[in-house]
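Open the model in your viewer and keep the selection tool at hand. The stops below go from one strand to its partners, then to a separate sheet and a helix.

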Amino acid sequence: MKKIIALVVAMVMVTSMAFADSTLINGAGSTFVYPALTKWFDEYSKTNSDAIFNYQSIGSGGGIKQITAKTVDFGATDGPMTMDQMTQAPGRIYHIPVVMGAVAVAYNVPGVEKGLKLTQEVLAGIYLGKITQWNDPKITEQNPGFNLPASSIVVVHRSDGSGTSYIFTDYLSSISSAWKSKVGKATSVNWPLGLGGKGNEGVAGLLKQSPGSIGYVELAYAKENNLSYAFLQNKSGNFVEPTIDSTSKAAVGVAIPSDFRFSIVNSSNPEAYPIAGITWLLIYKQMDDHAKGKAIVDFIKWAVTDGQKLTANLDYAPLPDNLVEMIQNKLNQVKY
């Protein structure tokens, strides 16, 4: 028994020493990017055990608030900070793109599988409360092969400050003047109607338990929860499935500003999926802690290069090569 106790004590001491020699990095924000970050942290730790990453998937709004308050070492958001938010921060914040992904419009209509075609007018009309029945002629005329019921449409949206909501409302604002003037785009908006779920997880949960519902989630969450999702009409009039390739096409030819705060929704590329977005990690240009600053920069450099190869099975699209080069140059400007 004494030998067993001694062995346990020794193991605890070794573990404690290992953690003592490591740098703990805390982050919070986007649920959109959570599957990618989880994969990255696990893989990165196999080759670099000097940093331990802890991430709270609380929504982009929470990530912006926490990095502004400096209660975390980095934030994550799918909607860029506004100029007002950036001026409120106690230092200059960099937006570093790390993934591109599709926001799927998922639905729970008994007997209706993946591939329901939704036009721009129909999707905006549903979220504005103008189209309320699944067998509305504007839906059925595009979907002659589906048996759409005469039942009410249950609208689902995010209840928390959400970058996924930013991408979705950015898209609706780009296709509907009524939406743009009445609701607009933001991480949090006054929804005209619907049920609210917290996080991509919460929206997916509501969709699964609510027959007749429609909502928006990051593509990986739709697939993970076996949700049917729509093929959306893009700017060229084509109905496109959300995939890695159609998400990548959304970024082709887009002008990238030096601060990386840009949108890829409603692309003019005829092969692009129209509701595609970017997740940014939010970091301060001037880091307060040398060890943490170096660990964060080293991790992001890995994430935008080697890490891009690990997320295809999670349905994220790789960053364009020209953007990766720009990111590396930006990270070299971070001081720690």
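**Strand S4 and its partners**

Select strand S12 (residues 276–284) together with S4: the two pair in the antiparallel sense over nine bridges. Strands and helices here are DSSP runs numbered from the N terminus, a strand (E) having at least two residues and a helix (H or I) at least four. Two strands count as paired if DSSP finds at least two bridges between them. The model is a predicted one, in which local features need pLDDT of at least 70 and side-chain atom pairs count only at pLDDT 80 or more, while totals for chains, interfaces and linings use all residues. Residues are numbered from 1 along each chain as its sequence is written, and side-chain values use heavy atoms, with hydrogens and water left out.

Now select S4 alone, residues 93–108. How many of its residues are buried? The count is 16 of 16, so the strand is mostly covered, where buried means under 20% relative accessible area, exposed over 50% and partly exposed in between (1.4 Å probe, protein chains only).

Next, pick Met100. Opposite this residue in S12 stands Ile278. Met100 also stands opposite Ala317 in S13. Extend the selection to strand S13 (residues 316–317), which pairs with S4 in the antiparallel sense over two bridges.

Go on to strand S8 (residues 213–218). Six bridges link S8 to S4, again in the antiparallel sense. Select Asn108 to find one of these contacts: its bridge partner in S8 is Ser213.

The next partner to select is strand S9 (residues 228–229), antiparallel to S4 with two bridges. Here Ala106 has Tyr229 as its bridge partner. Strands of a sheet pair through backbone hydrogen bonds, either parallel or antiparallel.

**A three-strand sheet**

Select S5, S10 and S11. In that order the three strands form an open sheet with mixed pairing. Which strands lie at the edges? They are strand S5 (117–118) and strand S11 (239–240), each of which pairs on one side only.

Within this sheet, show S5 with strand S10 (residues 231–233): they run parallel and are joined by two bridges. Leu118 is the residue to pick in S5, standing opposite Leu232 in S10.

**Lys182**

Finish in helix H8 (residues 177–182), where Lys182 is located. Is Lys182 buried or exposed? Lys182 is exposed because its relative accessible area is 62%. Add Leu128 to the selection and draw a C-alpha to C-alpha distance: the two residues are 9.2 Å apart in space and 54 residues apart in sequence.
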